[in-house]
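Open the model in your viewer and keep the sequence panel visible. The stops below give a selection to make and say what is there.

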Amino acid sequence: METKVTGKIIVVGDNIDTDQIYPGRYLDIVDPREIGSHCLCGVDEKIASTFPKGGMVVAGRNFGCGSSREHAPIALLNMGARAVLADSFARIFFRNAINLGLLPVICKGLKDKVKAGMTLTLDLEKYTVTVEETGETYPCEKLGPQAMKILEAGGIKPLMRARFAGKKAE
């Protein structure tokens with residue numbers, strides 16, 4: 001996994017629940033591209049079609065609250081999101097994101113300092129995020145070593161496959 005992630009952002013609010021991220025009416029869809037095309041349609045129907053590929057979502061408090069459905073981080077990944085930066089995450093969403101290879105990072109107050117369309121660089125060595133347009137840098141919370149191992153492997157399944165195959169997966 002790269003130590004720096006750069007991408008354009010979208011900004012959403014507080015308490016974005018899993019049904020807003022990926023509404024239950026789409027749970028029977030299995031095609032990854034189609035899943036991604038419905039991402040965040042509970043917030044705005046146009047988000048997925050205009051999302052900057054390789055971009056990031058910036059959110060407020062309690063991102064991913066609601067049900068424990070894994071479809072929420074799956075939809076974000078298939079929409080093209082590389083990371084979600086939020087004031088806080090619902091615990092089950094946070095673990096599901098890591099296990100599926102989506103980078104969730106707590107950056108308190110960031111939502112109020114940025115605007116949609118800006119470009120951010122997330123530095124996973126320094127745990128900072130820099131707004132490219134202004135040069136301002138803000139701190140983020142560090143992820144634990146086990147979470148980083150899972151993310152570096154591309155998710156929990158690739159990590160476990162590598163371990164069971166006798167390969168070193170660090």
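A residue is called buried here if its relative accessible area is under 20%, and exposed if that area is over 50%. The model is a predicted one.

**Stop 1: the sheet.** Select the strands. Seven of them form an open sheet, and reading across it gives the order β4-β3-β2-β1-β5-β6-β7, with mixed pairing. At the edges are β4 and β7, each of which pairs on one side only. On average, neighbouring strands of this sheet are turned by 30° against each other, direction ignored. In general, the strands of a sheet pair through backbone hydrogen bonds, in a parallel or an antiparallel sense.

**Stop 2: β1 and β5.** Select residues 4-11, which are strand β1, together with β5 at 119-123. The two strands run antiparallel and are joined by five bridges. To find one of the bridges, pick Thr6: its partner in β5 is Thr121.

**Stop 3: the edge at β4.** Now select residues 103-106, strand β4. Which way do its side chains point? Leu103 and Val105 point one way, Pro104 and Ile106 point the other way, and all of these residues are buried. Add strand β3, residues 83-86, which pairs with β4 in the parallel sense over four bridges. Within this pairing, Leu85 has Val105 as its bridge partner.

**Stop 4: the helix between them.** Add helix α5, residues 91-100. With β3 and β4 it makes a β-α-β unit, which is right-handed. The buried residues to highlight in α5 are Phe93, Asn96, Ala97 and Ile98. What covers the buried residues of this helix includes α1 (18-21), α4, β4 and α6 (145-153). After α5 comes Gly101, where phi is positive, near 90°.

**Stop 5: Arg69.** Select Arg69, in the loop between β2 (56-59) and α4 (71-79). A polar atom of the Arg69 side chain lies 2.7 Å from the backbone oxygen of Tyr22. The Arg69 side chain also makes a polar contact with the side chain of Ser67, at 3.4 Å. Leaving aside residues up to four places away in sequence, Arg69 touches Thr18, Asp19, Tyr22, Pro23, Gly24, Leu27 and Asn96. Asn96 is one of the buried residues of α5 from the previous stop.

**Stop 6: the cysteines.** How many disulfides are there? The count comes to one. Select Cys107 and Cys140, which form a disulfide with their sulfur atoms 2.2 Å apart. The pair links distant parts of the chain, 33 residues apart: Cys107 is in the loop between β4 and β5, and Cys140 is in the loop between β7 (137-139) and α6. Both Cys107 and Cys140 are buried. Measure the torsion about their S-S bond in the viewer: the value is about 95°, so the disulfide is right-handed.

Next, select Cys41. Why is Cys41 not bonded to Cys39? The sulfur of Cys39 is the closest cysteine sulfur, but at 8.2 Å it is too far for a bond, because a disulfide needs sulfur atoms within 2.5 Å. Cys41 is buried, with a relative accessible area of 7%.

Finish on Cys65, which is buried as well, with a relative accessible area of 16%. Cys65 is in no disulfide, and the nearest cysteine sulfur, that of Cys39, is 15 Å away.

Terms used:
Residues are numbered from 1 along each chain as its sequence is written. This is a predicted model: local features need pLDDT of at least 70, side-chain atom pairs count only at pLDDT 80 or more; totals for chains, interfaces and linings use all residues. Side-chain values use heavy atoms; hydrogens and water are left out. Buried means under 20% relative accessible area, exposed over 50%, partly exposed in between (1.4 Å probe, protein chains only). Two strands pair if DSSP finds at least two bridges between them. A crossover is right-handed if, with the strands pointing away from the viewer, the path from the first strand over the helix to the second runs clockwise. A polar contact is a pair of N or O atoms within 3.5 Å; within protein, one must be able to donate a hydrogen and the other to accept it, and residues adjacent in sequence count only if both atoms are side-chain atoms. Contact means heavy atoms within 4.5 Å. Axes are lines fitted to C-alpha atoms, for helices over the stretch in contact, and angles run from 0 to 180 degrees between N-to-C directions.
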